[in-house]
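Student: I should like to take a close look at a single part of this structure and then see how that part fits into the whole.

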Amino acid sequence: MNKTSQLKQSIVSNRLEFLMEAHDALSAIIVEEAGFKGIWASGLSMSAAMGVRDNNEVSWTQVIDILEFMSDATSIPILLDGDTGYGNFNNARRLVKKLEQRGIAGVCIEDKQFPKSNSFIEGKAQPLASIEEFSGKIKAMKDGQQDEDFVVVARVEALIAGLGMEEALRRAEAYRLAGADAVLIHSKKSDVSEIEAFMKEWGGRHPVVIVPTKYYSTPTSRFRELGVNAVIWANHNLRASVAAMQEVSQRIFREQSLISVEDDVAALEEIFRLQKMEELQAAEERYLPKG
Ligand code: SPV
Ligand code: MG
């Protein structure tokens, strides 16, 4: 099965599936090796890894360059966090074209205005696109895709923007009718109550994706009971690497020595393995002149 069909299956199947965050090729390899069936190319994580904010400071072609390395290095599908689609319907459909050319299986777009800001920034106003404009964007993306299984997920930010459940449901329904393959309902509450209320009203009419970053203490069995189709663990490789890098940098700075850290960091051999050095060595045997 090709990558688009694999991702489509994951998102529409009634079995709860999981996408794990990666922000570069190395983290993408690690996600695949852990056993995940799909990768979430997180906007927050990719921008943070480049030292900038999650406010479209990374250009969309720079995002595509990162994705190309991620896709080349892995065999599982990638769902891009495509923010708002980087412009209007025209920019969004060109994005789909370029993603398909690079072997990316799908994209999630959110109904905010460009430039977006991260949904969890305290006190930040989150101006939304109109339902009509965002629905047109989804239609243009779905009309433009060449591979029928390329996935477009429509992310509803009404709850993040404080517009209430009715507005969230109205938007989700409009995006379903516009042709989105799934809706992502986002919540910044620390409990699962908004997701529960949404799922109850939604009544299984179309696949639903969630991002439980803030309601992380909810057991996964609850998501299953609610009929959620896919869960995105959105930023945990970035956060794990930040914690590990801060710890080791500070320790080496303090101790001016590697003695205490060697056993706590990945061995060099492990880095070579992740880079598939063996393959290059075998190819050198085969192709370089002997002697
Ligand atoms: C991301 O990972 O960039 C997301 C998810 O958009 S969140 O940060 O949870 O809004
Ligand atoms: Mg994002």
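Student: Which residues are exposed on the other side of helix α8? Please begin there and place the helix in its surroundings.

Tutor: In this predicted model, S193 and K200 are the exposed residues on that side of α8. The helix spans residues 193–202, and I195, F198 and W202 are buried in it. These three residues lie on the same side of α8, because they cover an arc of only 65° around the axis. The general geometry of such helices is relevant here: an α-helix has 3.6 residues a turn, so residues three or four places apart point the same way.

The buried residues of α8 pack against two helices, α7 (165–178) and α9 (220–226), and against two strands, β6 (182–185) and β7. Just after the helix, G203 adopts a positive phi of about 60°.

Strand β7 leads from this helix to the barrel. Residues 208–210 form β7, which runs parallel to β8 (residues 230–233) and is joined to that strand by 2 bridges. Within this pair, V209 has A230 of β8 as its bridge partner. Both strands belong to a closed barrel of 8 strands with parallel pairing, in the order β1-β2-β3-β4-β5-β6-β7-β8. From one strand to the next, the twist averages 25°. Another helix, α2 (residues 25–34), packs on the sheet, where it touches β1 (17–22) and β2 (39–41); the direction of α2 makes about 155° with that of β1.

Elsewhere in the barrel, strand β3 (residues 78–81) is covered on both faces: I78 and L80 are buried on one side, and L79 and D81 are buried on the other. β3 runs parallel to β2, with 3 bridges between them, and I78 of β3 stands opposite I39. β3 also runs parallel to β4 (residues 106–110), again with 3 bridges; here L80 has V107 of β4 as its bridge partner. Together with helix α5 (residues 89–101), β3 and β4 make a right-handed β-α-β unit.

Several loops call for attention to the backbone. As a general rule, most residues other than glycine have a negative phi, and most peptide bonds are trans. Y86, in the loop between β3 and α5, has a positive phi of about 65° although it is not a glycine. Y86 is partly exposed, with 19 other C-beta atoms within 10 Å. N56 likewise is not a glycine and has a positive phi, of about 60°; its place is in the loop between α3 (43–49) and α4 (60–72). N56 is partly exposed, with 19 other C-beta atoms within 10 Å. The peptide bond from F114 to P115 is cis, with omega near -5°, and P115 is located in the loop between β4 and α6 (131–144).

Finally, the chain as a whole. It contains 12 helices and 8 strands. Its radius of gyration is 20 Å, close to the 19 Å that the globule rule gives for 291 residues, so the chain is as compact as a globular protein of that length. Along the principal axes, the C-alpha atoms fill a box of roughly 70 × 45 × 35 Å. Of the 291 residues, 38% are buried. Among contacts with a separation of 6 or more, 72% are between residues 24 or more positions apart.

Terms used. Residues numbered from 1 in each chain as written. Chains lettered and ligands numbered in written order. Predicted model: local features only at pLDDT ≥ 70, side-chain atom pairs only at ≥ 80, totals over all residues. Pairing = 2+ DSSP bridges. Helix = DSSP H or I, 4+ residues; strand = E, 2+ residues; numbered from the N terminus. Axes fitted to C-alpha atoms, helices over the stretch in contact; angles between N-to-C directions. Contact = placed C-beta atoms within 7 Å. Buried ≥ 20, exposed ≤ 12 C-beta atoms within 10 Å, placed from the backbone. Arc of directions from axis to C-beta. Rg over C-alpha atoms; globule rule 2.2 N^0.38 Å. Right-handed = clockwise from strand over helix to strand, strands pointing away.
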